[in-house]
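Please find below a note on the side-chain contacts of the structure under review. The points concern charged and aromatic groups.

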Amino acid sequence: MTCMPYALAAAGVMVPEGSDIACARDLAGKSIGIAGGPADKSWRERQAHYTNRTGVTQADKVARHRDAITGFPGASFEARDVLVNDDAAWKALRKEMGAVDNDTLFETLGTDYRAGIAPGYTDDMIDAAAAAFAIMAEYCGPDLTGDGETRDPGTYWSADRG
């Protein structure tokens, strides 16, 4: 199984106002929490660690949950399309976004989400992703990227091509 990229956004670090962390160097020696989902590289790293500890592979999980897994991409694209095209959907999420009393935050989160959605993937973008994967494989090893040194060619579906 491959993970399907669905956004152009890169990971970020959020710190409270007034924090002494202003750049990546300030993180040295600190612990951070990671938020993400099943297509997130941090989540994939945790899965690799779990497999290493338990022997239960991703393939074992896929076999048990095939219908849910094959249905997820379509549901994900439908949700994405609603958030791209329907302002009312955002209003329904305002409380969960933590932006009830902050119009600027609310508008910025929606605008940035929409701007970060990849409309499709060009060959150049796919090549850049392959290069990034190769770097992760070289420096992070199989705990992060699995046994392969190159990204699975099925990562980008033909329908995703822009």
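The following points address the salt bridges, the aromatic rings and one contact between a charge and a ring.

1. The model is predicted. A search of the whole structure returns three salt bridges, and each is taken in turn below.

2. Asp87 and Arg114 meet through their side chains in a salt bridge, at 2.9 Å from N to O. Asp87 belongs to helix 4 (residues 87–93) and Arg114 to helix 5 (residues 103–116), so this pair ties together parts that are 27 residues apart in sequence. Arg114 is partly exposed, at 28% relative accessibility.

3. Helix 4 and helix 5 also supply the partners of an aromatic contact. The count comes to one aromatic pair, formed by Trp90 and Tyr113 in an edge-to-face arrangement, with 5.4 Å centre to centre and 70° between the planes. Trp90 lies in helix 4 and Tyr113 in helix 5, 23 residues apart, and the pair thus links distant parts of the chain. Trp90 is buried, with a relative accessible area of 9%, whereas Tyr113 is partly exposed at 33%.

4. Arg94 takes part in two contacts of interest. Its salt bridge is with Asp103, the closest N and O atoms being 2.5 Å apart. The charged end of Arg94 also sits over the ring of Phe106, 4.3 Å from the ring centre. Asp103 is partly exposed, with a relative accessible area of 47%.

5. The side chains of Arg80 and Asp81 form a salt bridge at 3.9 Å, N to O; the cut-off is 4 Å. Arg80 is buried because its relative accessible area of 18% falls under 20%. Asp81, at 39%, is partly exposed.

Key:
Residues numbered from 1 in each chain as written. Predicted model: local features only at pLDDT ≥ 70, side-chain atom pairs only at ≥ 80, totals over all residues. Heavy atoms only, no water. Buried < 20%, exposed > 50% of the residue type's maximum accessible area, 1.4 Å probe, protein only. Helix = DSSP H or I, 4+ residues; strand = E, 2+ residues; numbered from the N terminus. Phe/Tyr/Trp six-rings, centres within 6.5 Å; stacked < 30°, edge-to-face > 60°. Lys NZ or Arg CZ within 6 Å of the ring centre and 35° of its normal.
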